[in-house]
Structure formats: C-alpha cells, structure tokens
Amino acid sequence: MSQMKHTSTFQLIFRHELTILTRDRTLPIVAILLAAMVLGGLFVGITQAKQRSAMIAEVIEHSAKRQAANEKTLQSVLDGKQALVPFGNPANPAALAGGLAGRHTTLPNLPLAALAIGQSDMVPNYYRISYLSKVQFMYDTEIENPWNLLSGHFDLSFVITFVLPLLVIGLSFNMLSAEREQGTLRMLFAQPMALTTLIAAKASARYLVFLAVILPLPPLVLLSLFPETRSMDSLLFMALWALVVAGYTLFWFALAALVNAFGRASSSNALILISGWTFLVLILPIVMNLVVGAISPAPSRTELASRTRVVTADALREYEDMYSTDYRYASDPETLAVKDGRIEVPPRMRAFFLAKQRVDAQVEPLLNQFDHQLLEQQKLVDLIGFLSPAILVNEALNLVAGNDSRRFVAFKNQTEAFHNGWRAFFAPKIATDRATTRAEMTALPVWQRQETATTTTAWRIASRAALLLLVSFIIAIFAMRRLRHGQIV
Amino acid sequence: MIRTIALKDLREIIRDGRMLWAAALIILLSIVALASGSIRQSQINHERAAGQALDYQAWLQQGERHPHDAAEQGMHVFKPEPPLAVLDPGIEPFVGSTVWLQAHRQSELKFRPAQDATGLQRFGQLSPAWIVQVLVPLLIIVIGFGAISGERERGTLRQLLSIGVPARQLLLGKALALAACACALVIPVWLVFSVVATISLPSAERLDVVYRMLWLIAGYGLYLGFFVFLTIAVSAMVRSSRAAVVLLLGFWVAATLIAPRTASEIANVIDPTPSRLDFNNHLSHDISEAAGEAWKSSFGVKEQWDPSLPLSKWGAALKVDDHAGYGVLDQTFGKLWDTFERQQRFQQWIGLVAPVITLRGFSMGLAGTDFAQHRDFSTAAELQRRKIQEIVSDDLVAHADTLGNAHFSYKAGSKLWATVPEFKYQLPTIGFAARRYWPDLLLLAAMFAAAATLASIAVSRSLKRMA
C-alpha cells in the first residue's frame, strides 16, 4: 500500500465516521453535553474567582482606610489635639503594632484562576497581621459549609478530570466491536485497508471533535471577559492547559482503542473501560491519599495545641510583673502624651507584645514542621501521581490556575516572614518607649509577595503534560500492535 | 421458585471470574479503610483526651495570677471522635477539632485535617461508607444490567414464561440474587467491625452504637435495594442489554458523581454562605454596637473601654462587655450555622433524584459526624468558655475592683481555679440523630418503594410482551 493511498483511506474513513456520527446524532449530543458542562464548570470557577478577587480588594481597601485613619489620629495626637485613648493611640508603638495595625497579607488570583478551584475554597488568600501570635491568626480559614467542601465544586477541573473520560468512553467503547456486531467488519476487510488505519481514523475523528469543543471554549471566554488573561504568561499557561487536556483526552481514547483491539463484545468493552475509569479516577487517588498520609503523616495538632498552651503559660509567668503593673493612665491620662519623641508604653501592653513574641519563637519550629510535612506530602504526590492520569491532570490544572497546595504554602511562608518583620520593626520602639513619628507612620513595613517563577510552574505543568502524552502514545502503540497481530474477526 | 432463580443467577455470577475480582477489590478496600480508620481514631481520641486533661491540670496548677491573665492562658478542649466515625468520617476532615477557650471572643474550632493534606484529599476519603455509597451500586449495575434483557436475548425468558413462572417470582428471584451479592460484599466486613467496635466500648455506650448500626443498616439496605430494583427495572424495560448498561451507568454517573456537586453549587447560589471578611466585619460591628450601648447604660460612658472609666470598675466592665457580646455571638454564629444546615436540608431533597445525597447526610448523621453534632460540640465548648469568663469576672468585681488603680496587681489562687469545672463533653445519643434524620429514612424508603414498583411493572410488562 503506498503512502498516498494510506492517507486517502484514512481521510475517507475519518470523513465517513464524522458523517455517520453526526447523522445518528451521537456526536452532536456528546458535543453539546460536553460544551454545556465545560461552560457550567467555567461559570462556577469564574464566580469563585470573582468572589476571591472582591475579597482581596475589600481587604486592601480596609488596610488603606486604616492607614489613613492612623495617620490622621497620629497627627492630632502629636499636635496635642486628640483626647488620649490607650488602645487607640497610634503614637504608642504597642497599639500600632497590635489592634490598630489593619495590615493584611494578600494572595491575589492568578489570571487563570477560574480554570480550577483547587484548594482555594479552603485555604485563606489573606491574613490579618498584627503582633498576635501565629497560632492565633494562621489557622483562620475561609468560611465554607463543610458539607460543600466534602462534595467539592462542579468546576472545570472536575469536568475534565472526572466527566470527560466518561464521555470519551461513551463515544468509543464500541469503535470496532459495533462493526463486528453489525456484521460490517467483514465487509470492511474486503477493502484494501489495515485495521490500524480504521481504528486510527475512527479515534482521530472523535478525538478532534472533543478537542474542538473543549480546547477553544474556556480560553475564548476568559480572553474576552478578562483583559488580564491577555498577557504573555497567561497565554503560555493557556497553551500548557490545552496541552494537558489534549494529553488526558488522548489517554482515554488510546485506552479505548486498546480495549477494542482485544476484540471483545461491546458490552464487555464498556464494562472494562468503566472499571478502568473507576480504578484510575475514583479509587486510586483516594487510596493514594491514604498512602501519602501514612508514609508522610502530618505532626499532631493536639500536641501543637498543648505546646502552645505551655509556652503561653511560661510567657505569662515570665512577664508576670509587667502584667500586674497598675494602669496609671486611668487616673493620669497625661502619661500617654508624647514628650520629646517618647511615650510611656503601658507595661501591660508591652508584656502582651513580648509574650506573643516569645510564644512564636518557641512554637515556630513546630509550625514549620507542619509546612515542611505538607511539602513532603506534595513531593510524594508528584512522585506517585504518574500512577493515575487523574492525579496528574488534577495537579496540572491546579497549577495552571494557581490554586495548588504549593502556592498556598509559599504564601503562608511569606506571610510568616512578613509577620516576623512587622514585629521586628516595632520591638525596639516598644522596648525603649519611642513614640511613632510622622515619617515612620508612612514608612511601615509593606507587604510584598514573591510569585513562584513562571518558568518553574510552566515546567511543572509541561512535565505532566509530557508524561500524559507519553503514556498515551505507549498505549496507542500497544493497541496498534495488538490490532496488527491479533485475531479480531 | 424464587430460590431456584436466585441460586441459578448467583451461580452464573460466581462463574464469571471478573465479578470475583471486583468483589475482592471492594472487600480489600473496606478492610484497609476500616483498619487505617480504627488505628487513626484510637490514636486521635487518646491524644485528645490526654491533651485536654493536661490543659485542665495546668489550669488548676497555674499558681497565683490575675484572673484575667488566667483567662488569657485559658485551656484547650478537643472534640472527641464518635466511634462510628471510622465507618463514615462525614465532614470531619473539613472541620476543626480544637478550641482554645480564651478571654474575649468565641473562637471557632481550628485545625481541619484537610489543611494538613494535599489536594488529593479533595478526591475523597477512603471510608467504608464511601465504598458502599459509590462502588457497591456500580457493582450491582454491572452484575445486574442483563438480569432480564440477557434472558430475553438468549431466549431463556420465553422458556421461563412457558413453564409458568409468575412475574413477581421472577422479579424477587432476580432481586434476591443481586441483593445477596451486595450483602456478601458489605455485611461480613461491617459485622466484624461492629462487633469489635461494640466490644471495645464502655458498656454504657454499647447500646447506643448498636441502635446506630441498626439505623444505618436500614438506610444502606434501602439504598442498595433501590439500586437492585432500579437495575432490574431498566433491564426489563429497554430493548437490549447494551442500552440497559448505558442507561444505568449514565444514571450512576449523574446521581453519585455529578449530583452532589451540582446540589451544593445550587444550594450555595440560593442560600449563599457569607465570606469570612463579611462575617467578621458584621460580628465586630454588632458586638461593638451592643457593647457601646451596654457601656452607656451601665456606666454612662461614650464608648467601650472609655478612658474615663476608673480601673475600679474594670471587672464589672468586663462582665458587662462579655454579656453584651454573648447575644450577638449567639445570633451571628447561629445565623451562619443555620445557613449551613439549611443548605444541607435543601440538598437532602435533591435525594429524590439522586438518593446518594440523602443517604450521605443520613449516614453521617447516624455516625455522629454531621454538622449538627459538630455544632453541638461548638456550643458546649462556648458555654464552658462563658462559664470561665463568668467566674473570672465575678472574682474581679469582688477582689480586684476594690484595689482601684492597682486593679492588675490582684492575684487569685488555686481556690478560684478549682471553681471552674472540668469540661466533660457527652457525645449526643442516638435520639439526637434519629430526631433529625427520620425524614431521610422515609425518603430512602419511598425511593426504594418507587424502584420496587417500577421493577414489578416493568417485569410483568416484559413478560406480557413475550406472551
């Protein structure tokens, strides 16, 4: 058979297949179903992302308002106009570091956040910073009904990871077996055509329809609605997203082709493929979750709680004298006035500050262990992810959206560093009773975040896409070999 | 006759080796889930009980201290995991287990296990409940989709008809075979677990667990029965086995996989959950408003912690401030928690098309791992915190306020600490769950009855068509 002839046979079957599937309405139904779910999932993702962006905007606005109010109060305190309130006096560094701070660290959405909700419904994307201990603010979580967290969201990542393979299976479980059952396979053999060409053409026709529905839709919606998705980086991530989805879809078509190549009955094929799906998508990730937790367990939270209490008690004891000092400001409010750049920080407030600082210094190693362990778990997931394409694709989609565990851990680490910096800024002032100056008020530590380098993330996604494609090709090659050498009819 | 049909079907199923493999996998998974769950639970409960006792001891032995500072140290209380959480962990991975009872503000339960896990956690948690809710129905479908259609295709249905098998007996025989398969997968493992769990419990709690197991068996039985009859009904109604398997699998995917997620999205749209920021802002605003009013009426001052209030009134002020907050806290948290419960109740009704949702709520309710029971613990913990606050404030009024500006130099001793009782939380009994979840059991029974009726009509019709 010449190469020319081969191509034309392929094209013939390809076109023929599209016509048949369109005429019997299978293809339009599947395509519409897929498109509806993709748009539905995208809608859910966009709603969530918008909510989170709105939250960040609100937090930033709140911080700015707080800053302006503090500047104004400080001005009038320094001018001697303001009545003095111990907790509301920004000239007092202990008050400014604590209740008055109004500082937040924030983790903005990445432009493609709508593509996968990931961990974003559970882990906070902002923290309120003051001199309070980490134990007191780092474990605040976003409010969400635990029932809904358990159910999970109907987002695009769910549609791709769980539902897309089922549609692929529904469309391709009988690619070959139906021909045999209808008796048309023998007729096809009368044609000068290889079985591999037949199945390659049939699978390709279906595959391309799938890609034509799923690949352009989300990028088009995002590009038209959100200008921030039009940057070079975002376009790169969109391309990688498409590669991941294409690889994952190919995996399931290759698997369907392989199952068809064994020449069993259609219902048998359907059952085998459904079992495969159940195993790879439902069972394996859940079992792996268990395995990861068993191999690399998180330290005990109960122990952390007990330890925190012990350390707090120690700190209370340590600063006992300061805690017990009388509050002179009540009878003598002038003690709170700023004199020559100095202010009397009430010893009780200083004790609070010092106690929290001490608690953190002692609990921090334990807290770091939690983050460390989570990263270890993540490394394990990266390692065993290749066992299930569902894990691979889920991780990759979360990476594209910037809602993966790693990004949240990094945010938490940076928040901790900022919190330390915030405290270090105030510690000497509180220790030496130095009043906040106007210049300092406008030069308070500012939250700055370091995003993971695009290339690192891109590499992580690309490697997963490559792995998916590689596995798909291997399966496809197996299927082809089987078709060439096996007895089908 | 019923027995003959059932036995014949069972023999066929057993001969087909693939079913044995699937069954073995399910049983293996159940055992792994139970074993790992039991180990984890005994470890956790042990740790939590020890932690709580340690905190209380430290409270008692904290030495001389200003009572308000004592409240700063406070104590931790931990939520005990109910014994059946091993069967169905419910929402446990997504709620905290620890509260630090401290001065000033109601705090929420911290440390959700899911926070210490990777994104894999979102695929689900391996538990016996998940296996029965999701995997066993799939197996019932796979085994039973050809129950009637297969007989028709092989021509054996006509033979059955010719020897005068009544439709009812045919249906019951087929159903019995499928039910037997499902039971073989579930009952031995669950039975061993219940016996072991019951024995290892103190005798006072045993009966409660037995009742819970009976309710659970009823619920799961109706659920699996629904799938048995649905499978037979579809198998009798459609033209070919292929159509039956496609329809049934489609239903399974839609009902167990897609419906729970869609339901919670819809519930969230209809009855939205507030964001943390909104919630906190509301709470702070309402508390300071209520407190402001209380301060004004009690002390005639303009605002909370007004500097004009002498320190000799500090203990009294603390009490007024706390009391002003309690109402707001109850209202605000109550509203949020009501929202959660409403969202869940709404979803339970979607169980009318996707029974797994109803069963899931029912199952975690009876296992003691639902939100209502989480709420019960949170409320109990908050009451304990208020008890501490009350004792502390009363003591401040009696002793510290008399010292004027030297208010904070007052120190109380172990006598005062001992007046705070140890926190002893009693897990709610079966009555708590039964009161909430009997409608769900009825709903499951209705679904079961509907499927049985459908199957009965479908089978007799398909026999009539033959004749």
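**Interface, pocket and cavity in a two-chain model**

A:Asp121 is paired with B:Arg122 in a salt bridge, with 2.8 Å between the closest N and O atoms. The model in which this pair occurs is predicted. B:Arg122 is placed in the loop between β2 (98-101) and α4 (128-144) of chain B, and A:Asp121 in the loop between β1 (103-106) and β2 (126-129) of chain A, so the salt bridge joins two chains. Between chain A and chain B the count is three salt bridges, whereas a search of the whole structure gives 36 over all chains.

The polar contacts between chain A and chain B amount to 17 residue pairs, with both residues at pLDDT 80 or more. On the side of chain A that touches chain B, α12(A) contributes the largest share, 18 residues. That side of chain A is made up of 49 nonpolar, 28 polar and 12 charged residues. The contact involves 89 residues from chain A and 89 residues from chain B. About 8,300 Å² is buried between the two chains, and carbon and sulfur atoms account for 63% of this area. Within chain A, the residues that lose the most area to chain B are A:Ile143, A:Trp147 and A:Arg309, which together make up 11% of what that side buries.

The search for enclosed space returned nine cavities of 30 Å³ or more in the whole structure. The largest cavity holds about 450 Å³ of space. Its lining comprises 26 residues, of which A:Leu150, B:Phe123, B:Gly124, B:Trp130 and B:Arg360 are the closest to the centre. At least two lining residues each are supplied by α5 (146-151) and α12 of chain A and by α4, α9 and α12 (355-367) of chain B. The lining of the largest cavity divides into 14 nonpolar, eight polar and four charged residues.

Turning to the open sites, the second largest pocket has a volume of about 1,400 Å³. This pocket is lined by 48 residues, and those closest to its centre are A:Thr26, A:Gly170, A:Leu171, A:Asn174 and A:Arg206. In chain A, the elements that give two or more residues to the lining are α1 (3-23), α2 (26-78), α6 (156-172), α7 (177-181), α8 (184-189), α9 (195-214) and α12 (266-295); in chain B, the element is α9 (241-270). The most is given by α9(B), with 10 residues. The lining of the second largest pocket contains 31 nonpolar, 10 polar and seven charged residues.

Some helices recur in these descriptions. Helix α12 of chain A gives two or more residues to the lining of the second largest pocket, supplies at least two residues of the lining of the largest cavity, and provides the largest share of the side of chain A that touches chain B. Helix α9 of chain B gives the most to the pocket lining and also supplies at least two residues of the lining of the largest cavity.

Definitions and conventions. Residues are numbered from 1 along each chain as its sequence is written. Chains are lettered from A and ligands numbered from 1 in the order in which they are written. This is a predicted model: local features need pLDDT of at least 70, side-chain atom pairs count only at pLDDT 80 or more; totals for chains, interfaces and linings use all residues. Side-chain values use heavy atoms; hydrogens and water are left out. On a 1 Å grid over the protein atoms alone, a cavity is a set of points where a 1.4 Å probe fits but cannot get out, and a pocket is an open set with protein on both sides within 12 Å along at least five of seven lines; lining residues have an atom within 4 Å of a point. Grid points are joined across faces, edges and corners, and a volume is the space filled by probe spheres set on the points. Helices (H or I, at least four residues) and strands (E, at least two) are DSSP runs, numbered from the N terminus. Ala, Val, Leu, Ile, Met, Phe, Trp, Tyr, Cys and Pro count as nonpolar, Asp, Glu, Lys and Arg as charged, and the others, Gly among them, as polar. Contact means heavy atoms within 4.5 Å. Buried area is the accessible area (1.4 Å probe) that two parts lose on being put together, summed over both. A salt bridge is a side-chain nitrogen of Lys or Arg within 4 Å of a carboxyl oxygen of Asp or Glu. A polar contact is a pair of N or O atoms within 3.5 Å; within protein, one must be able to donate a hydrogen and the other to accept it, and residues adjacent in sequence count only if both atoms are side-chain atoms.
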